[in-house]
Amino acid sequence: MTITRQRLLEMMTAYRSTYLLRTAVELRLFDALADGPADAGEVAATLKTSPRGTRILLRSLVAAGLLDADGERFRLPDGGADLLVTSSPGYAGANVNVASSDWEWDTMKRLGDIVRTGAPLTEETADSPGCGYWVDFAENLTFVTKAGAAFVAETLGTGRADILDVGSGAGLFGYAVAGGDPLSRVWCLDWPNVLDVARKHAERLGLADRTGFIAGDAFSVPLGGPYDVVVVSNLLCQFSKERSSALLHRLSGVLRPGGRLVIAGFTTGDVPPAQAHHAHMLELLMLAWTAGGEVHSPDDYVRMLDACGLVGARVHRRDGLPLRVVVAEKPADADEEEQ
Ligand SMILES: C[S@@+](CC[C@H](N)C(=O)[O-])C[C@H]1O[C@@H](n2cnc3c(N)ncnc32)[C@H](O)[C@@H]1O
C-alpha cells in the first residue's frame, strides 16, 4: 500500500460529499428537478431558499457528481430519479439518517477522546433501552437489510416454523424466514419504540396476523417459545464476546430440539481489513456507542454456538454481500425448555 498526497487530500475532504448530500436531501432539492431540468432561480423558488445559496449549492452538487448541468440548467444524473426523488419506490436519500446520522457525526468529532478512554462519551449508548437511533435504523433500512434477510431465508430454506427475531429492528429478517411458509409465525423482540416500526412492516408485508411482539431487554425479558428458528441479525456487535455468549446461551434454551440458531451480521477476521471496510467502520462505531461491543469473527460465532451445545455450526457467505450467516442446530435429543 502507498499513501499519496492526493489520497490524503481525498480523505481530508471526503466529509464535503457527505454534507452536500445530506443538505440536498434535507432541502428535497432532487424533488425540485424531478419533472425536468431547471435553473437556479426556478429551484430556489420551488424550495423557498435564497437564490444565491441555491445557485452555489447546485454548482457544488454538479462538481461533486450529484447533478448534471447544461449551461445554467441543472438536471438529475442517471439513477437520480430512482434513488433521490422522494416519491420513487427506490428512494434511498432518507438513509442519510442512518449512514451519516447526526449522532455519528457528532460522536466522531471526539473519536480521539473515545480512543483515550476506550469508552463512549455519551450517556445514551446503542444498547440503552429505547435508543432513538434504532428507530431511524428500522424506518430507513440499510442498503443490505433486504438482501441480508433474503440470504438468511434462502440459507435456512425452512418450511413451517415458529421464529424468534431478536433485536429485530424492522423485523425483515424474521419476516423473510416466515414468508417461506403460510403457516409460519414470527415474534419480534426489541424495545417498544422500535417494535412500532416492526409492526408497520408486518402490516405492509401482510404478515400482521402471524406476528407477535416481545418488548424488552433480550437479556432478561421472558422469551416465550419454544421456537424452530431464532434469528439474531446485526445485534451481537453491540456486545463483548462474553455478553454475546451469554445471550446466545439464553436463546439456545428456547430452541426446540432440531431447531436452528442463526447469527447474521458483519464480521472481521476472515478477510484482510481492506476487504472488510464496512465491518471495521462498524467496529469503530461500536467502540464509540457501546460499553464493550466489537465486531466478532465467524470463528468466534462458531465457538460461541458450540459452547451453547449446538451442533453443525456452519458459516455461509455470498459474493457481493458483506454479511456472514452462521447457523447451528440444537441436537434432536436435547431437552425442550421454555422461558
Ligand atoms: C443494528 S439493529 C439490527 C436490526 C435488525 N435485526 C437488522 O438486522 O436489520 C439492532 C437492534 O437491536 C435492538 N437492541 C439492542 N439492544 C437490545 C437489547 N438489549 N434488547 C432488545 N433489543 C435490543 C435495537 O433496538 C435495534 O433495533
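User: Where does Pro226 sit in this model?
Analyst: Pro226 is in the loop that joins strand S6 (211-215) to strand S7 (227-233). Keep in mind that this is a predicted model.

User: What makes the peptide bond from Gly225 to Pro226 cis?
Analyst: Look at omega: for the bond from Gly225 to Pro226 it is near 5 degrees, and the bond is cis.

User: How many disulfides are there?
Analyst: There are 0 disulfides in the structure. Take Cys131: the nearest cysteine sulfur belongs to Cys237 and is 13 Å away, so with a cut-off of 2.5 Å, Cys131 is in no disulfide. From the other side, the sulfur of Cys237 has its closest cysteine sulfur in Cys131, and 13 Å is too far for a bond.

User: Why are Cys131 and Cys237 both called buried?
Analyst: Buried means under 20% relative accessible area. Cys131 comes in at 0%, so it is buried. Cys237 has 9%, so it is buried too.

User: What makes Asp190 a polar neighbour of the ligand?
Analyst: A polar side-chain atom of Asp190 is 2.7 Å from an oxygen atom of the ligand, so the pair falls within the 3.5 Å limit for a polar contact. Asp217 has a polar side-chain atom 2.9 Å from a ligand nitrogen atom, and for Ser233 the distance to a nitrogen atom of the ligand is 2.7 Å. Those two pairs also fall within 3.5 Å, so they pass as well.

User: How do you know how much of the ligand the protein buries?
Analyst: Taken alone, the ligand exposes 600 Å², and the protein buries 97% of that. Helix H8 (133-140) and strand S5 (185-190) are the elements that give two or more residues to the shell around the ligand.

User: Which residues in that shell are closest, and what classes make it up?
Analyst: The shell has 18 residues, with Gly167, Asp190, Asp217, Ser233 and Asn234 the closest. By class, 8 are nonpolar, 8 polar and 2 charged.

User: What stands out about the phi of Asn234?
Analyst: Phi of Asn234 is positive, about 55 degrees, although the residue is not a glycine. Asn234 lies in the loop between S7 and helix H12 (241-252).

User: Is Asn234 buried, partly exposed or exposed, and why?
Analyst: The relative accessible area of Asn234 is 28%, and partly exposed covers what lies between 20% and 50%, so Asn234 is partly exposed.

User: Which class does Gly159 get, and why?
Analyst: Gly159 has a relative accessible area of 37%, which is between 20% and 50%, so Gly159 is partly exposed. Gly159 is in the loop between helix H9 (145-156) and strand S4 (162-166). Leaving out residues up to four places away in sequence, Gly159 touches Asp181 and Ser184.

User: Why is Arg324 called buried?
Analyst: Its relative accessible area is 9%, under the 20% cut-off, so Arg324 is buried. Arg324 belongs to strand S10 (residues 323-329).

User: How do you know that the side chains of Arg324 and Asp270 make a polar contact?
Analyst: The distance is 2.7 Å, within the 3.5 Å limit, so the pair qualifies. Beyond four places in sequence, the contacts of Arg324 also include Ile263, Thr267, Pro298 and His316.

User: Which residues of helix H14 (residues 298-307) are buried, and what do they pack against?
Analyst: Pro298, Asp300, Tyr301, Val302, Met304 and Leu305 are the buried ones. They pack against H12, strand S8 (255-266), strand S9 (311-317) and S10.

How values were computed
Residues numbered from 1 in each chain as written. Predicted model: local features only at pLDDT ≥ 70, side-chain atom pairs only at ≥ 80, totals over all residues. Heavy atoms only, no water. Buried < 20%, exposed > 50% of the residue type's maximum accessible area, 1.4 Å probe, protein only. Near = heavy atom within 4 Å. Polar contact = N/O pair within 3.5 Å; in protein donor to acceptor, adjacent residues only side chain to side chain. Areas by Shrake-Rupley, 256 points an atom, 1.4 Å probe, with all protein chains shown as cover. Helix = DSSP H or I, 4+ residues; strand = E, 2+ residues; numbered from the N terminus. Nonpolar A, V, L, I, M, F, W, Y, C, P; charged D, E, K, R; others polar. Contact = heavy atoms within 4.5 Å.
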